[in-house]
Structures are given as C-alpha cells and as structure tokens.
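Visitor: I have a structure open and a few minutes before my next run. Can you walk me through it?

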Amino acid sequence: MKNEEFIAELKIFSKDDRKTVAAILFENGYTVRQGKKKRTETGKSVDYTVIVTDRNGETADR
C-alpha cells in the first residue's frame, strides 16, 4: 500500500449500496477497501465505510 494517495472515506449505510459504489470505483481503476469505525466510545454502534485510494496514476486505463 505504499505510494497510494488517500482520496476519500465514504460512510454508506446500506450494504448493497457499499458494494455498488465499490464496484464502480474499482472498475474505474481505484483501490477500494472496506472499513469500520466505532460510532461511540463503547463501540456498540459502528459505521461501515468504503475507503478509496489511488496508486498515483499507475493504472493503465487512466
């Protein structure tokens, strides 16, 4: 994961929406991974995110 430029961390509540957005970003040459953050200090509630990075233009399609 060296040389990757952080682009965005998207908080998307619906699992199906996260999968759709991740697929679109992946098809357009971005590196995409899923994240999880505690919403409260106790950690009983969490937010799921899609984390988007780019390998500084190294993809052939762009």
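Guide: One term to begin with: two strands pair if DSSP finds at least two bridges between them. With that in hand, Lys 36 stands opposite Tyr 48 in β3. Keep in mind that this is a predicted model.

Visitor: Fine. How many helices and strands does the protein chain have?

Guide: One helix and three strands. Read from the N terminus, the elements go β-α-β-β.

Visitor: What order do the strands take in the sheet?

Guide: The order is β1-β3-β2, in an open sheet of three strands with antiparallel pairing. β1 and β2 are the edge strands, each with a single partner, so each has one side without a neighbour in the sheet. From one strand to the next, the twist averages 30 degrees.

Visitor: How many bridges join β1 to β3?

Guide: Six, with β1 (residues 5–11) and β3 running antiparallel. Leu 10 has Val 50 of β3 as its bridge partner.

Visitor: And how many bridges are there between β2 and β3?

Guide: Eight, again in the antiparallel sense, with β2 covering residues 31–38. Lys 38 is bridged to Val 46 in β3. The Lys 36 and Tyr 48 pair I gave you at the start also involves β3.

Visitor: Is β3 mostly buried or exposed?

Guide: Buried. Seven of its nine residues are, so β3 is largely enclosed by the rest of the structure. Take Thr 53, which sits in β3 (residues 46–54). Its relative accessible area is 10%. The cut-off for buried is under 20%, so Thr 53 counts as buried.

Visitor: What is Thr 53 in contact with?

Guide: Setting aside neighbours within four places in sequence, Thr 53 is in contact with Glu 4, Glu 5, Phe 6, Ile 7, Tyr 30 and Thr 31.

Visitor: Switching to the helix. How far apart are the end C-alpha atoms of α1?

Guide: They are 18 Å apart. The helix has 13 residues, 15–27, and at 1.5 Å a residue it should span 18 Å, so the two values agree.

Visitor: Where does α1 lie?

Guide: Across β1, β2 and β3. Against β3, α1 runs at about 5 degrees.

Visitor: Which residue just after α1 takes a positive phi?

Guide: Gly 29, with a phi of about 90 degrees.

Visitor: Is Lys 19 buried or exposed?

Guide: Exposed, at 52% relative accessible area. Lys 19 belongs to helix α1. Its C-alpha atom is 9.5 Å from that of Gln 34, and the two residues are 15 apart along the chain.

Visitor: On to charges. How many salt bridges does a search of the whole structure find?

Guide: Three. One of them joins the side chains of Glu 9 and Lys 37, at 3.4 Å from N to O. Glu 9 is in β1 and Lys 37 in β2, so this pair links distant parts of the chain, 28 residues apart.

Visitor: How accessible is Glu 9?

Guide: Partly exposed, at 33% relative accessibility. Lys 37 is also partly exposed, at 45%.

Visitor: And which residues are linked in a network of salt bridges?

Guide: Lys 11, Arg 39 and Asp 47. Between Asp 47 and Lys 11, the closest N and O atoms are 3.6 Å apart. Asp 47 lies in β3 and Lys 11 in β1, so that pair ties together parts 36 residues apart in sequence. Arg 39 meets Asp 47 at 2.5 Å, N to O.

Visitor: Is Asp 47 buried or exposed?

Guide: Buried, with a relative accessible area of 10%. Its partner Arg 39 is partly exposed, at 48%.

Visitor: Last topic, the whole chain. What share of the residues is buried?

Guide: Buried residues make up 19% of the 62 in the chain. The accessible surface is about 5000 Å², and 49% of that belongs to carbon and sulfur atoms.

Visitor: What share of the contacts comes from residues 24 or more positions apart?

Guide: 57%, taken over contacts with a separation of 6 or more.

Key
Residues are numbered from 1 along each chain as its sequence is written. This is a predicted model: local features need pLDDT of at least 70, side-chain atom pairs count only at pLDDT 80 or more; totals for chains, interfaces and linings use all residues. Side-chain values use heavy atoms; hydrogens and water are left out. Helices (H or I, at least four residues) and strands (E, at least two) are DSSP runs, numbered from the N terminus. The expected span of a helix is 1.5 Å times one less than its number of residues. Buried means under 20% relative accessible area, exposed over 50%, partly exposed in between (1.4 Å probe, protein chains only). Contact means heavy atoms within 4.5 Å. Axes are lines fitted to C-alpha atoms, for helices over the stretch in contact, and angles run from 0 to 180 degrees between N-to-C directions. A salt bridge is a side-chain nitrogen of Lys or Arg within 4 Å of a carboxyl oxygen of Asp or Glu. Accessible areas come from the Shrake-Rupley method with a 1.4 Å probe; for residues, only the protein chains shown count as cover.
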